[in-house]
Amino acid sequence: MLPTRHPFSPESEKIRLQQAKYIAEMEYLMYEQMERYLAGKMVAEEKAAFEALLQTDPRLAEQLKEHRTLLHSMQQYGQRQQLRTKLNAIHTSMEQEAAPKVIPMWQVFWKRHAQTMAVAASVSLLSVFGTLWSVQQMKKPVQQQTAHYVELRREVDKLKKAQTAIIKDINNTAKPAPRPARFSGTGFALSANGYLVTSSHVVEGADSIMIENTSGAKYKAHEVYRDQAHDLSILKIEDPAFTGFSKLPYTFKTTESDLGEKVYTLGYPREDVVFGEGSLSSTSGFQGDTTAYQISIPLNPGNSGGPLLDDKGNLIGVISGKQEGQDGAAFAIKSAYLLQIIGELPLATTLSPLLLPKTNTLAGSSRPQQLKKLKDFVFVVKVYN
Amino acid sequence: MKKGLYEADEAVIDGIRSGDDRALAYLYKLHFPMISHFILSNSGTEDEAKDIYQEGVIVFYEKVKSDNLELTCQIKTYLYSVCRRLWLKRLAEKGRFATKVEDAEHYLTLEDEVPQQEENEKRFDVMEAALNQIGEPCRSLLEDYYIRMQNMQDITDRFGYTNTDTAKNQKYKCLQRLKKLFFAAYQAPV
């Protein structure tokens, strides 16, 4: 159709351009038609003609299909974009609604790890309490062996107070009622000239000390010597009314007593003198203390400082305390140590040596007889401070 | 907004179909926490959750709009299933394969819908790429005419063409270019 001999001649170039322009125009026309057809702008006749053309021209049909897909895609794209914008707006408004309750990082962290943490916490709790429990279980027998030493000094405050209140009510005199004693213990005579012994812890921190026995003798005393290590204190009566004791019925034993010997004591765990009897159950005291005996006499606060005598009326010790929570385990300082500090007395102080009793009048008599003789020499020691 | 109005799934669908934005907003707000939780607990971020959820809502929206909705399950389950698939796909694209997905909900595989959805997504992506390539003012011109459905006279005035014929001619040229770009990357399913 085209002259091919001179492809670059101006003539053929012109024809080629014309042809290209024609094709372009045809295509534009076809595009116009397709646009109108798809937009539904064709009138019935034109539409019918175009559809007929589509039937015969597969190239046109293909073009139309492509065009339709393109427009459809574009519209869909537009719709999606529009929807996105809308959703973004919704999201923003939702975030604003939720803004006051911003979830902090730790909460996110917590939510994510709550389960793990709960498990870890319960495991650690279990192991902590399990360990505590098992340690306690292991400790239990040990605890039983842990002993507590109790000094048997009696606190008498409350009791006395009640008593003085009554006295006040009855007498209503100007004379002030005596101040009640704070503590009490027991003490006993060492010599006829007014020396006594009691436990150091009884007279600890005392302002003044009063001694009193069941027969009503009542004297003021003061501490003249103290041996803290053996818990012993020597008291001396300094009362103008005091004229001296009668002869002491007991003697002091210098040697150690034997296991199983019958022993007894007198003391003031309450207002009246109380007798207690038992046996010497060990020649060593609390936690193996060799300066004391262990005795099986039930003792109570107030017994401290009381005399411990054997069957024959020898003084073998001074009651000092007991083991807490342990029945029948009381302790008494051995008489040898008492004698030792009596010996120290003239060296440490300006006092003259004590005249210890030399004859025992208790030996051989029955227990009640012994006690009758003994009780005048056992005093309640009242401590004021 | 009255919440009670859209409590049933049918009401929401009817609302969306009739173009009620409140229905869409209600739906969006109702299910976002679920998807957000799912994505956050499967190594995603807040922004990714938002993105994936919106895509899921769009899929649902288009399905409702195209009237071929046969919902055999709750909207909630449908949305969860769609978003789940989208997220797994996203993870795969990132080169991270979820070895174990922490599912909070029951989900459906939606096998018969997946090809259609993927087709739509692909077409959307190709169209977006093509529109980005043709540049201005072609893009605005085509968008104004075909998407925003403005008439030729307005476009002529706004773009400063001497007359509507010039504008039409320009539009034709732009469309041809777009067509070329679009079909270079997109093969319509046979």
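Two strands are taken to pair if DSSP finds at least two bridges between them. In this predicted model, strand β2 of chain A, residues 154-155, meets that criterion with β3(A), since 2 bridges join the two strands, which run antiparallel. Within this pairing, Glu155(A) stands opposite Phe183(A) of β3(A).

Strand β3 of chain A spans residues 183-191 and is mostly covered, with 8 of its 9 residues buried. Beyond β2(A), the strand β3(A) is also joined by 6 bridges to β15 of chain A, residues 378-384, and these two strands again run antiparallel. Phe183(A), which faces Glu155(A) in the pairing with β2(A), has Val383(A) as its bridge partner in β15(A).

A further antiparallel pairing links β3(A) to strand β4 of chain A, residues 195-199, over 4 bridges, and here Phe188(A) stands opposite Val197(A) of β4(A). The strands β3(A) and β4(A) form a hairpin with 3 residues between them, and in its turn Gly194(A) has a positive phi of about 100 degrees.

From these strands we can turn to the contact between the chains, which takes 20 residues from chain A and 25 residues from chain B. On the side of chain A that touches chain B, the elements giving two or more residues are the helices α1 (10-39) and α3 (58-98) of chain A, and the largest share, 18 residues, comes from α3(A). Sorted by class, this side of chain A has 10 nonpolar, 6 polar and 4 charged residues.

Note on methods: Residues numbered from 1 in each chain as written. Chains lettered and ligands numbered in written order. Predicted model: local features only at pLDDT ≥ 70, side-chain atom pairs only at ≥ 80, totals over all residues. Contact = placed C-beta atoms within 7 Å. Nonpolar A, V, L, I, M, F, W, Y, C, P; charged D, E, K, R; others polar. Buried ≥ 20, exposed ≤ 12 C-beta atoms within 10 Å, placed from the backbone.
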